[in-house]
Amino acid sequence: MGKRSGAGETDRTVASDLADDDPRLAFIYQEAVRGLTHQQTVVENMNTRAGSLIFATAFANSLLGGAALSNGLGLWDWTAVALLFGIGGLIVFMLWPYHQYAFRFDPEELLNQYVDGDRLATMSAMHRALALRIKADMAGNWRIIQRLRMALQIALLFLLLDILAWLLAIAGV
C-alpha cells in the first residue's frame, strides 16, 4: 500500500507540473506567433507588388518601346532594353521559390520533443521554447525579406529609369 500512495503522489506531482501554465508565457507566445504571421503577410504583400511591377513594366515598355523603336536603335533604346532585363532579373529573384522561410513548426518534431519524449513538457515550457524558436525563425526570415525589399526598390528605380530612357529615345536626344 505504501507504494500505491507514493505512486499517487507522483501522479499528483506530475499533474501539478503539467498544470503549470504561466499566462505571461502564453501571452508572449501569442505575440511571437502574431509577429510571425505579420512577417508572412509582408512576404505575400511583396509578391503581390512584384506581380504589379511585372504589369507596370510590360505596360510601359510596350507603350513607349514601340514608339521609340520606330526611329531605329540608339543609345537610349539599348539602355532601356538593358534596364528591362535588369527589372526582369530582379523580379525573378523576388518570385523564385527558393527562399527558405520558416512560418510554421514541423508537427512530427513537436511531438518528438514535447509529447513522445522521456520527460513531459509543461505548457509554459513549451510556450517559452517555441517563442524563442519563433524569434530565431523571424530573424532568419527578416534577412530574406530585407533582400527582397531591396530588390523591389531597385526594380522600381530601374522602371523609372527605363521609362526615362524610352522617353529620351522617343525625343531623339
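This section describes the fold, the surface and selected local features of a predicted model.

The chain is helical in its assigned secondary structure, with 5 helices and 0 strands. Read along the sequence, the pattern is α-α-α-α-α. Contacts were considered at a sequence separation of 6 or more. Of these, 92% join residues 24 or more positions apart.

Buried residues account for 28% of the 173 residues in the chain. The accessible surface amounts to about 11400 Å². Carbon and sulfur atoms contribute 65% of that area.

Helix H5 covers residues 123-171, a run of 49 residues. Its expected span was compared with its end-to-end distance. At 1.5 Å a residue, H5 should span 72 Å. The end C-alpha atoms of H5 lie 69 Å apart, which agrees with that expectation. Just after H5 comes Gly172. Gly172 adopts a positive phi of about 75°.

A nonpolar patch was identified on the surface. Phe55, Phe59 and Leu63 make up this patch, with an area of about 360 Å². One of these residues, Phe59, belongs to helix H2, which comprises residues 23-69. The relative accessible area of Phe59 is 49%. Exposed residues have over 50% and buried ones under 20%, so Phe59, at 49%, is classed as partly exposed. The numbering of the patch residues can be set against helix geometry. An α-helix has 3.6 residues a turn, so residues three or four places apart point the same way.

How values were computed:
Residues numbered from 1 in each chain as written. Predicted model: local features only at pLDDT ≥ 70, side-chain atom pairs only at ≥ 80, totals over all residues. Heavy atoms only, no water. Helix = DSSP H or I, 4+ residues; strand = E, 2+ residues; numbered from the N terminus. Buried < 20%, exposed > 50% of the residue type's maximum accessible area, 1.4 Å probe, protein only. Contact = heavy atoms within 4.5 Å. Areas by Shrake-Rupley, 256 points an atom, 1.4 Å probe, with all protein chains shown as cover. Expected span 1.5 Å × (residues − 1). Patch = residues over 30% accessible without salt bridge, like charges linked within 9 Å, V, L, I, M, F, W, Y side chains within 5 Å. Salt bridge = Lys/Arg side-chain N within 4 Å of Asp/Glu carboxyl O.
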